Amino acid sequence: MSKEGKAPATARVVFLGGLGEIGRNCAAIEVDDQILIIDCGLMFPNHDTPGVDLILPDFTYLVENKEKVVGVVVTHGHEDHIGALPYLLREMKLDIYGSAIALGLASNRIDEAQLRPKANLRTVADLEKVKIGNFEVEFVPITHSVPDSFALVIRSAAGVIVHSGDFKIDLTPVDGRISDLARLGEISRSEGIDLLLADSTNAEEEGHSTSESAIGPVLAQLLAVNSDKRIIVTCFASHIHRIQQIANAAIDSKRIIFPLGRSMGKNIALARSLGNLHLPDQYLDEIENVNRYEPEQVLVLSTGSQGEPLSALSLMAANENRFLKVDDGDVVIISADVIPGNESAVGKVIDGLHRRGAGVIHAGIAQVHTSGHAKRDELRLFHSILRPKNFVPVHGEYRHMTSHMRLAIDMGQDKSHTLVASDGDVVELANGNIAIVDKVPADMLYVDGVVDGLPKATLRDRKTLSTEGFVVVVAAVDVRNRTMVGEVEIATRGWVHLADDAPDHIEALLADIKNAVRATIETSIGEIGDDVDSLARHVRTTAAKMIEKRSKMRPMVIPVITAL
Ligand SMILES: [Zn+2]
Ligand SMILES: [Zn+2]
């Protein structure tokens, strides 16, 4: 799109999240001092991040370049693409573009955070072209596990950049809205695609993902086989097409649908109001009324497919759900995949449900789930249609992105026109080539209760505490006379059990630590004097070294030195 005689502009693609992890997707495309943000998602914590509620992209770069931001485009309504919007809205007002359902899902959280006045939500339609600053963005329909997902065609003075969004190539989607591969092919042929960014989640999986519409008959069959049972189905609350198929199966078997869990109720209402979900009133009732019906009339649609501790399903498994008690008259269908990291939580829930006597059907037993992400044959098809000049895989762990890049090379992508980038990398598109030219801050930003930006050190401490425990070493010093006063005291939790009946070798270890600490204080206090902080550091080092050597453990050592 360069003007006659003028060198084409360069584009900088700044990756703020989603490269090297599944979650917190966020990228900024910068051309001629204008920034267009693509997605703004969060990541859910796992066992590596104890006590953390959410993980966000690092917004430093966006905040520092706030005045350049012309808008945010969301590819679809999943939390890993929209969930961090409220946090970015705290920093700046934003024009946010997306499908009605994506913006509806996003506004749930934005409204909760009372940030609606800072968000200008702009609904876009399939194939609509929108001017955002100097960018033109075309929203191309693509299939995924939430309705009305988009691939983005981003035109600017730097050429044409295509972002696939999250996608699969579902040839028989539940709502009939197929991926507009013809349009993408037309753009490739007529304009050329200078840079493609594409979803890598399933780049290690051979074959073609099963169509979403194949799940409906399986669900219907399960309901038929269990016609005398109460049915409880759990799936992602944003998976409206799955919910549609569950609802269809329920209606066909004359069951009433009872949404359970806050997001399930909210999303069903949203999707019905937007026409994304067809569910007549007479087949829907409140969970409070569930016990007024016979088991064979009931289908409960619940949240909690990932074993989230306080979700409706986890509470059922623990027999603590206030609306229903699960027993041998129930069949629970887990219509979702387990996201890596959640295996043990989901395993516990399944176990708990079995303990209650319920039958449990999950994706390992029957085809009650299919992925929303393209497998290798779909990726091959996508690359063969788009034929980009340059390609950067996105949305995946490093292995997924590497596999995706190799697949593209096998498809004929020039090796020198593809690369695997990481969070924080700035990829420049200039003169038809790409290269990593810069690095911006892209730390994990941990949100914990009311604190955002929990320091890494705190997280490290939590891990230490959870695996090694802590030891408190207490001593008092007389600063003026430079002597120690009284005894060294030691207290601990989670390290070794200290009690009157502690074994001899523990007693001996404690005595040795106390002696070593006393010796350290007595030698250091002469030089250090009244610098109690330094004294405490010496005490910690001495105690920690001895504890590690003797117990082979590294508990957190907390020195408490009182100056008298
Ligand atoms: Zn995603
Ligand atoms: Zn998604």
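Among contacts between residues at least 6 apart in sequence, 72% join residues of the protein chain that are at least 24 apart. This value, like those that follow, comes from a predicted model. The protein chain holds 15 helices and 25 strands, and its C-alpha trace spans about 85 × 75 × 45 Å along the principal axes. Of the 564 residues in the protein chain, 46% are buried.

A good place to begin a tour is the interior. In soluble globular proteins, nonpolar side chains tend to be buried together. Here, the largest nonpolar core has 141 residues, and Ile29, Ile37, Leu152 and Leu301 are those with the most contacts inside it. Helix α4, made of residues 100-112, gives the most to this core, contributing seven residues. The core also draws on two domains, with at least three residues from each of domain 1 (11-207 + 371-449) and domain 2 (218-361). For a closer look at one member, Ile29 can be followed to its contacts: leaving aside residues up to four places away in sequence, Ile29 touches Ala11, Val13, Leu36, Ile38, Ile154 and Ile161. There is also a second, separate core of 16 residues, with Ile513, Ile525, Ala543 and Ile547 among them.

Strands come next. In strand β18 (residues 391-394), both faces are covered. Phe391 and Pro393 are buried on one side, while Val392 and Val394 are buried on the other. Strand β18 runs parallel to β12 (residues 195-199), and four bridges join the two. One pairing to look for in the structure is that of Asp199 with Val394, its bridge partner in β18.

Helix α10 offers a contrast between two sides. This helix covers residues 343-355, so numbered along the chain, and its 13 residues reach 18 Å from the first C-alpha to the last, close to the 18 Å expected at 1.5 Å a residue. Its buried residues are Ala345, Val346, Val349, Ile350, Gly352 and Leu353. These buried residues lie on the same side of α10 because they cover an arc of only 160° around the axis. On the other side of α10, the exposed residues are Glu343, Ser344, Gly347, Asp351 and Arg355. The buried residues of α10 are covered by elements including α9 (312-317), β16 (330-334) and β17 (359-361). Just after the helix, Gly357 takes a positive phi of about 100°.

Key: Chains are lettered from A and ligands numbered from 1 in the order in which they are written. This is a predicted model: local features need pLDDT of at least 70, side-chain atom pairs count only at pLDDT 80 or more; totals for chains, interfaces and linings use all residues. The expected span of a helix is 1.5 Å times one less than its number of residues. A residue is buried if 20 or more other C-beta atoms lie within 10 Å of its own, exposed if 12 or fewer, and partly exposed in between; C-beta atoms are placed from the backbone. The arc is that of the directions from the helix axis to the C-beta atoms. Two residues are in contact if their C-beta atoms, placed from the backbone, lie within 7 Å. A nonpolar core is a set of buried Ala, Val, Leu, Ile, Met, Phe, Trp, Tyr and Cys residues joined through C-beta atoms within 7 Å. Domain bounds come from an automatic or database domain assignment. Two strands pair if DSSP finds at least two bridges between them.
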